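Let's take a walk through this one together, strand by strand. Have the viewer open and keep the residue numbering handy.

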Amino acid sequence: TYGGTSGDGAYSVQQTSDGGYIVAGGTGSFGAGSADIFLIKTYANGNVQWAKTYGGTYYDLASSVQQTSDGGYIVAGWTYSFGAGWSDVFLIKTDASGNIQWAKTYGGTSYDSAFSVQQTSDGGYIVAGYTESFGAGSWDIFLIKTDASGNIQWAKTYGGTDEDQAYSVQQTSDGGYIVAGRTRSFGAGYYDAFLIKTDANGNVQWAKTYGGIYYDDASYVQQTSDGGYIVAGGTSSFGAGGSDIFLIKTDASGNIQWAKTYGGTSGDGAYSVQQTSDGGYIVAG
């Protein structure tokens, strides 16, 4: 466990090239504001190698971290301390010791946030979240492509007249992107799981919704070895309980190959999935 006398939490972890781990989240115990971004680097045994906070006098949080090709780290989340609006997308690039090399905010005068970041094959970054500042509806999916220095190359919104959010993005083998989240603008129910495939410039190639008449969402997507996708989230439309874990396997065009629910009579949901070396899947929630 890591933290102080107040509230501290983690939202993203990755093994690092040295066999240790990088953990990102938020802290109310340390830092400059009511909550700060919390980045912890550990050794392979979990002992702290270093820990850093980033933020200002208000509320700042990290939702995603990845080690970069230069041995440093890219951290995405949101900030109420800096930027143009109520909250802005916050992207921080650090060196291998957690020292800031650059930090950027993206957004407008309303609420904007990021939930997923990945370094792209050209050395830049793809960031996914949602925006109230731009787009067609009250919330739209927000996809930002930057260069290696965090300068915007393009930014796109996706969605309808209601609420749409993205929680996961990954570059695909063809150089495009797969985005997973939820939509209230489209689909069969109150919310549906939402999967969008774009080309390298963010233009939509296809978009699919999955779900029933109640609440369904997608929290994480990964391209699978067969070129399709594995999607994890939650469903209130199907399964045994109030909500169940929802696992969907699609082909390369987003067509369902199979869908499974896991859970009992109360609330269950998934936040992460990864294909394993034997071709199966590991799901956490």
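A good place to start is strand β2, residues 21–27: six of its seven residues are buried, so the rest of the structure largely encloses this strand. Keep in mind that you're looking at a predicted model. On one side, β2 pairs with strand β1 (residues 8–15), running antiparallel over seven bridges. If you want a register marker for that pairing, take S12, whose bridge partner in β2 is A24. The hairpin made by β1 and β2 has five residues between the strands, and G19 there adopts a positive phi near 90°. Strand β2 also pairs with β3 (residues 36–42), again antiparallel and joined by seven bridges. Here the marker is I22, which has K41 in β3 as its bridge partner.

Now zoom out. How many helices and strands does the chain have? Zero helices and 22 strands. The radius of gyration is 18 Å, close to the 19 Å that the globule rule gives for 285 residues, so the chain is as compact as a globular protein of that length. Along the principal axes, the C-alpha atoms fill a box of roughly 45 × 40 × 35 Å. Buried residues account for 50% of the 285, and the accessible surface adds up to about 11900 Å², with 48% of it belonging to carbon and sulfur atoms. As for contacts, take those between residues at least 6 apart in sequence: 37% of them join residues at least 24 apart.

Next, jump further along the chain to an open sheet of four strands, ordered β13-β14-β15-β16 with antiparallel pairing. The edge positions go to β13 (164–171) and β16 (204–210); each has a single partner strand, so one side of each lacks a neighbour in the sheet. On average, and ignoring direction, neighbouring strands of this sheet are turned by 20° against each other. Inside the sheet, strand β14 (residues 177–183) and strand β15 (residues 192–198) run antiparallel and are joined by seven bridges. To check the register, find G181, which stands opposite F194 in β15.

On to the charged side chains. Side chains of opposite charge can pair when their charged atoms come close. The structure holds six salt bridges, and three of them are worth a visit.

One of the six joins K145 and D122 at 3.1 Å, N to O. K145 sits in strand β11 (residues 140–146) while D122 is in the loop between β9 (112–119) and β10 (125–131), so this pair ties together parts that are 23 residues apart in sequence. Are the two ends buried or exposed? K145 is buried, at 3% relative accessible area, whereas D122 is exposed, at 52%.

Another salt bridge brings together the side chains of R184 and D162, at 3.2 Å, N to O. This pair links distant parts of the chain: R184 is in the loop between β14 and β15, D162 is in the loop between β12 (152–158) and β13, and 22 residues separate them. R184 is partly exposed, with a relative accessible area of 25%, and D162 counts as partly exposed at 25% as well.

Then there's K197 with D174, meeting at 3.1 Å, N to O. K197 lies in strand β15 and D174 in the loop between β13 and β14, so to speak a link between distant parts of the chain, 23 residues apart. K197 is buried, with a relative accessible area of 4%.

Conventions. Residues numbered from 1 in each chain as written. Predicted model: local features only at pLDDT ≥ 70, side-chain atom pairs only at ≥ 80, totals over all residues. Heavy atoms only, no water. Pairing = 2+ DSSP bridges. Helix = DSSP H or I, 4+ residues; strand = E, 2+ residues; numbered from the N terminus. Axes fitted to C-alpha atoms, helices over the stretch in contact; angles between N-to-C directions. Rg over C-alpha atoms; globule rule 2.2 N^0.38 Å. Buried < 20%, exposed > 50% of the residue type's maximum accessible area, 1.4 Å probe, protein only. Contact = heavy atoms within 4.5 Å. Areas by Shrake-Rupley, 256 points an atom, 1.4 Å probe, with all protein chains shown as cover. Salt bridge = Lys/Arg side-chain N within 4 Å of Asp/Glu carboxyl O.
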